[in-house]
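User: I am new to this structure and would like to go through it step by step. Could we begin with the side chains and then turn to the backbone?

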Amino acid sequence: MAEVSFNHGSVILSGKAYKDNMCLYQTRNDRTDSSGRMCVRGQKFMAVDDIEGDFEANGIFGLAPVHDDRSYIRNLFLQG
């Protein structure tokens with residue numbers, strides 16, 4: 001975990017950076033890495049503690065069309 005700031009144009013987000021295994025679909029209520037589908041191992045994400053500027057969205061998840069290791073879709077493709 002590390003303290004980070006991210007300048008998103010007219011908004012600055014500050015918080016903690018994390019890495020975790022994430023799955024978009026689970027096949028049962030007892031959720032584990034082995035029961036998940038469409039999983040990315042070591043997905044980077046940020047828990048936002050402070051927002052400077054006008055930002056009305058509730059959560060940012062790596063689905064934007066970026067071409068780096070923050071993109072869930074890119075990582076899902078690369079990890080097969």
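User: How many aromatic pairs does a search of the whole structure find?

Analyst: Please note at the outset that this is a predicted model. The search of the whole structure finds one aromatic pair. The rings belong to Tyr18 and Phe45, with their centres 5.7 Å apart.

User: How are the planes of Tyr18 and Phe45 set, and is the pair stacked or edge-to-face?

Analyst: The planes of Tyr18 and Phe45 lie at 20°. Planes under 30 degrees apart count as stacked, so the pair of Tyr18 and Phe45 is stacked.

User: Which parts of the chain does that pair tie together?

Analyst: Tyr18 is in strand 2 and Phe45 is in strand 3, so the contact of their rings ties together parts 27 residues apart in sequence.

User: How accessible are Tyr18 and Phe45?

Analyst: Tyr18 is partly exposed, at a relative accessible area of 32%. Phe45 is also partly exposed, and its relative accessible area is 32%.

User: Let us change topic. What is the count of disulfides?

Analyst: The count is one disulfide. Cys23 and Cys39 form it, and their sulfur atoms are 2.0 Å apart.

User: Which parts does the pair of Cys23 and Cys39 tie together?

Analyst: Cys23 belongs to strand 2, residues 12-26, and Cys39 to strand 3, residues 36-52, so the disulfide ties together parts that are 16 residues apart in sequence.

User: And the link itself, is it right-handed or left-handed?

Analyst: The link of Cys23 and Cys39 is right-handed, with 105° about the S-S bond.

User: Are the two cysteines buried or exposed?

Analyst: Cys39 is buried, with a relative accessible area of 15%. Cys23 is partly exposed, at 24%. The cut-off for buried is under 20% relative accessible area, which is why Cys39 at 15% counts as buried, while Cys23 at 24% does not.

User: Now the charged side chains. How many salt bridges are there?

Analyst: There are two salt bridges. In one of them, the side chains of Glu3 and Lys16 meet at 3.4 Å, N to O. This pair links distant parts of the chain, since Glu3 is in strand 1 and Lys16 in strand 2, 13 residues apart.

User: Where does Glu3 stand with respect to strand 2?

Analyst: Glu3 stands opposite Lys16 in strand 2, so the residues that face each other there are also the ones whose side chains meet in the salt bridge.

User: What is the salt bridge between Lys16 and Asp49 like?

Analyst: The side chains of Lys16 and Asp49 meet at 3.0 Å, N to O. Lys16 lies in strand 2 and Asp49 in strand 3, so this pair ties together parts that are 33 residues apart in sequence. Glu3, Lys16 and Asp49 are thus linked in a network of salt bridges.

User: Which members of that network are exposed, and which are partly exposed?

Analyst: Glu3 is exposed, with a relative accessible area of 59%. Asp49 is exposed as well, at 52%. Lys16 counts as partly exposed, at 23% relative accessibility.

User: Let us move to the backbone. In what order do the strands form the sheet?

Analyst: Three strands form an open sheet in the order 1-2-3, and the pairing is antiparallel. The edge strands are strand 1, residues 2-7, and strand 3, each of which pairs on one side only. From one strand to the next, the twist averages 50°.

User: What packs on the sheet?

Analyst: Helix 1, residues 72-79, packs on the sheet and touches strand 2 and strand 3. The direction of helix 1 makes about 155° with that of strand 3.

User: How many bridges join strand 1 to strand 2?

Analyst: Six bridges join these antiparallel strands. Asn7 has Ile12 as its bridge partner in strand 2. Strand 1 and strand 2 form a hairpin with four residues between them, and Gly9 in the turn has a positive phi of about 80°.

User: How many residues of strand 1 are buried?

Analyst: Of the six residues of strand 1, the number buried is zero, so the strand lies largely in the open.

User: Which residue other than glycine has a positive phi?

Analyst: Met38 is such a residue, with a phi near 55°. Most residues other than glycine have a negative phi. Met38 lies in strand 3 and is partly exposed, with a relative accessible area of 44%.

Key
Residues numbered from 1 in each chain as written. Predicted model: local features only at pLDDT ≥ 70, side-chain atom pairs only at ≥ 80, totals over all residues. Heavy atoms only, no water. Disulfide = S-S within 2.5 Å. Helix = DSSP H or I, 4+ residues; strand = E, 2+ residues; numbered from the N terminus. Buried < 20%, exposed > 50% of the residue type's maximum accessible area, 1.4 Å probe, protein only. Phe/Tyr/Trp six-rings, centres within 6.5 Å; stacked < 30°, edge-to-face > 60°. Pairing = 2+ DSSP bridges. Axes fitted to C-alpha atoms, helices over the stretch in contact; angles between N-to-C directions. Contact = heavy atoms within 4.5 Å. Salt bridge = Lys/Arg side-chain N within 4 Å of Asp/Glu carboxyl O.
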